[in-house]
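Dear colleague,

Please find the structure below, handed over for your examination. A summary of what was found in it comes after.

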Amino acid sequence: MLTYSTYSEAGGVGKTTTAANLAVAHARAGVKPLVVPLDPQDGDLSRLFGVDDQRTDSVDNVVRHMIRRPNGEFNNLIRTVEGVDIVPEHNMLSDLAEFLQREKDQAEAMGEAFGMHAQLLRVLREAGVPDKYDVLICDPPATEGPHLYNAIHATRSLVIPVEPSAKGRAAVEGLEALVAGFEEQLGIDVGVLAAVPTGFKNTRDQRKILDEINYPIPEIISERASLMEGCWMEQCSAFSYVRDHRSRRRDYEVETLAQFDRLARQLEEQVGIEAPNPPEPGDVDHEVLTA
């Protein structure tokens with residue numbers, strides 16, 4: 001199973017859109033992905049795919065499962081969009097740290113162990129996710145805390161969107177120390193599968209910054225503000241946006257879609273997944289296989 005969290009210390013680098021478009025790129029090839037976004041703020045992956053309509057309702061959600069108080073089966077949380085299974089975010093994520101700490105205190109008072117940062121992994125294993133899916137993607141917030149720790153504990157690998165700027169370089173420089181800290185704090189090994197520069201304009205400074213990144217860079221995504229803003233406006237992936245909402249197909253946007261397809265194949269190959277129905281990269285009319 002391929003598992004990774006999209007993560008960057010810097011905000012606004014396309015972390016969520018990268019997670020969403022990679023998930024669809026996996027699904028387009030017949031590879032079955034589950035996405036677990038964990039961002040407590042609005043403007044999250046659930047919003048992007050239009051499945052955040054119950055975010056404020058008193059409904060069962062992933063937080064309830066993480067604190068061992070579910071109101072139903074985990075599978076009932078899942079919504080499917082563009083061939084991608086998603087566990088929608090819920091406003092209870094805003095108080096995840098308090099919920100987990102309270103559960104930990106109660107467990108310890110009863111002489112039980114409760115790993116605050118291993119609860120998402122427990123939930124996924126108990127739901128049989130490793131047997132049902134080929135890919136698990138977590139999209140945590142950029143800030144450190146239980147959302148990020150649970151995502152990394154569950155996935156053990158990172159895909160890092162990188163802004164080729166001074167801010168992005170600082171984020172990458174801090175990442176090695178951060179990964180070491182994760183490994184020490186969580187007691188696990190954490191790998192970096194790929195860095196994905198976004199918003200690239202091919203300036204001299206940007207090329208210099210990319211040369212200094214010591215992680216694999218399979219694809220470099222050019223500046224696509226209009227395309228990505230369109231995705232948020234229409235609440236869909238870039239593949240659906242170009243196919244269903246563009247009056248004409250622009251070659252440079254189709255090439256961006258091809259990059260997501262190629263990146264998904266590259267990530268799958270790292271764990272030996274052979275996609276059963278890979279599209280020609282960038283073929284927006286390729287049928288999305290559903291489970």
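The following paragraphs take up a helix pair, several salt bridges, a residue in helix α12 and a loop residue. Please note that this is a predicted model.

**The pair α4 and α7**

Helix α4 spans residues 96-109 and helix α7 spans residues 146-155. Their axes come within 9 Å and cross at roughly 70°. Because angles of 65 to 115 degrees count as roughly perpendicular, α4 is described as roughly perpendicular to α7. On the α4 side, the residues that meet the partner helix are Leu96, Ala97 and Leu100; on the α7 side they are Pro146, His147 and Asn150. Sorted by class, this contact has four nonpolar and two polar residues, and no charged ones.

**Salt bridges**

The count of salt bridges in the model comes to 16. Three of them are described here individually, followed by a network.

The side chains of Asp53 and Arg79 form one such bridge, with an N to O distance of 3.3 Å. This pair links distant parts of the chain, its members being 26 residues apart. Asp53 lies in the loop between α2 (45-48) and α3 (62-66), whereas Arg79 belongs to strand β3 (residues 79-81). Asp53 has a relative accessible area of 48% and is therefore partly exposed. Arg79, at 28% relative accessibility, likewise counts as partly exposed.

A second bridge is found within helix α4, where Lys104 and Glu108 lie four residues apart, about one turn of the helix. The closest N and O atoms of Lys104 and Glu108 are 2.6 Å apart. Lys104 has a relative accessible area of 22%, which makes this residue partly exposed. Glu108 is also partly exposed, at 44% relative accessibility.

A third bridge joins Arg265 to Glu268, with 2.9 Å between the closest N and O atoms. Both residues lie in helix α12, three residues apart, again about one turn of the helix. Why does Arg265 count as buried? The relative accessibility of Arg265 is 15%, and buried means under 20%. Glu268 is buried as well, with a relative accessible area of 1%. Elsewhere, salt bridges that share partners join Arg68, Arg69, Glu103 and Glu112 into one network.

**Thr256 in α12**

Helix α12 (residues 251-270) also contains Thr256. Is Thr256 buried or exposed? With a relative accessible area of 0%, Thr256 is buried. The side chain of Thr256 makes a polar contact of 2.8 Å with the side chain of Arg224. If neighbours within four places in sequence are left aside, Thr256 is in contact with Ile221, Arg224, Leu227 and Met228. Arg224 thus appears both in this list of contacts and as the partner in the polar contact.

**Asp42**

Asp42 is located in the loop between β2 (33-37) and α2. At 64% relative accessibility, Asp42 counts as exposed, since the cut-off for that class is over 50%. Along the chain, Asp42 and Arg55 are 13 residues apart. The C-alpha atoms of Asp42 and Arg55 are separated by 9.5 Å.

With kind regards

Technical notes: Residues numbered from 1 in each chain as written. Predicted model: local features only at pLDDT ≥ 70, side-chain atom pairs only at ≥ 80, totals over all residues. Heavy atoms only, no water. Helix = DSSP H or I, 4+ residues; strand = E, 2+ residues; numbered from the N terminus. Buried < 20%, exposed > 50% of the residue type's maximum accessible area, 1.4 Å probe, protein only. Polar contact = N/O pair within 3.5 Å; in protein donor to acceptor, adjacent residues only side chain to side chain. Contact = heavy atoms within 4.5 Å. Axes fitted to C-alpha atoms, helices over the stretch in contact; angles between N-to-C directions. Parallel < 35°, antiparallel > 145°, perpendicular 65-115°, else oblique. Nonpolar A, V, L, I, M, F, W, Y, C, P; charged D, E, K, R; others polar. Salt bridge = Lys/Arg side-chain N within 4 Å of Asp/Glu carboxyl O.
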